[in-house]
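Hi,

Here's the structure I said I'd pass on. Have a look at it, and then read my notes underneath.

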Amino acid sequence: MNGGQDERKLSIKLFNVNLSCTNAANLPDAVWLEIILKSNPLELLTFQKLSKRFRIILRDNPHCWVTARHNMHPPVPPPPQVNAAGVWTEAAYAQFIFGGGECAAKSCKRWTQRFPRSFALRIRVCSTKCEAIIHRHYDKSDRKINNSYLTSCAIPGKRGLRQMGQTQRLHFRNWLVYDERDMTSKHTYILLSVSSLIGGSEYPMYRVCAVSTADQEWFSARAITENRKARPPVAVIRTVPQLQNQYKLRAEALPHIMENAKALQQWAADHEEARTAMTLTNVAFMKEVVSPREQIPYRKLLKTPIVIKTLESFGRTLSKFDIRTWCAMRATAIREYRDPR
Ligand SMILES: [Zn+2]
């Protein structure tokens, strides 16, 4: 009967909701900056994607990224100070660690939010199955590997010198980033101290695509210097002297990059530990506080999609459940519990 009136009431109600949203958008930049300064890198990346306005705030306040790194527990180690070409800004660094990326397995290529498996080689895998693909032909005893992703053999020692076209690869030894952890053990990893890394262990592993990019760069530089038309495609066009200069800068950067990779690897392990502990605390909260109040077995609650999702995101940012968290998801969780699909 009074459908029209109800509709108007509803629209007024919606309008009110809209109004408060508009107010939030009308907050001055200084207030948003305060909020941003309390955020973690993952949240900053989300802010950056939200709107041009946030991108400008972040661009004008680059220290936000540093603060965000320190807002993590444990704090994220700082990016390496590097003179060689490449993107090493705080924003790109946050994107590299927290932004996710494609799984390295060619048959998969699924997007994954996981941290890189190797920070030095910038390799990410989405699952243990894909990890097994990356580790094929890994010889555990002498830690040697050679498959289409990782290789310990592509940069020759003195013996390789005899092979045509291999001589130039000796340059790469000075600057190409490598990893020599035991890739098949999950938590323990062996990374020698940085000084001994530079001396070179027997079989450091390199990323195959990095070796081939370095090859192409070298052949392209030779073609340009020798005025040959045909040359492989490269990201930056350089002559041989320019490239050799770049090699020198990269060689200087290598110890910093390796040190950073090592710090990140340690940080990721610590973070994983803290995350597991936080998830256990949150599960205990569901069991001891929520379950008796709601008279629902906590295992059933833990299986509802909303709780799974919230547990995961709270784990990632190391946040603790409280009554407010439960109130925010209660309606959805109980509906999902009663009507599982
Ligand atoms: Zn995968």
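Below is what I found, helix by helix.

First, the ground rules: this is a predicted model, where local features need pLDDT of at least 70, side-chain atom pairs count only at pLDDT 80 or more, and totals for chains, interfaces and linings use all residues. Residues are numbered from 1 along each chain as its sequence is written.

Helices here are DSSP runs (H or I, at least four residues), numbered from the N terminus. Take α3 (residues 41-50): its buried residues are Pro41, Leu44, Leu45 and Phe47. They sit on the same side of α3 because they cover an arc of only 155° around the axis, the arc being that of the directions from the helix axis to the C-beta atoms. "Buried" means 20 or more other C-beta atoms within 10 Å of a residue's own, "exposed" 12 or fewer, and "partly exposed" in between, with C-beta atoms placed from the backbone. Thr46, Lys49 and Leu50 are exposed, on the face turned away from the buried side of α3.

On to α10 (residues 208-225). Its 18 residues should span 26 Å at 1.5 Å a residue (1.5 Å times one less than the number of residues), and the end C-alpha atoms are indeed 26 Å apart. Ala214, Glu217, Trp218, Ser220 and Ala221 are buried in α10. Those residues fall within an arc of 165° seen down the axis, so they line one face of the helix. Just after α10, asparagine 227 takes a positive phi of about 60°.

Lastly, threonine 332 is in α14 (residues 323-338). Threonine 332 is partly exposed, with 15 other C-beta atoms within 10 Å.

Cheers

Key:
Helix = DSSP H or I, 4+ residues; strand = E, 2+ residues; numbered from the N terminus.
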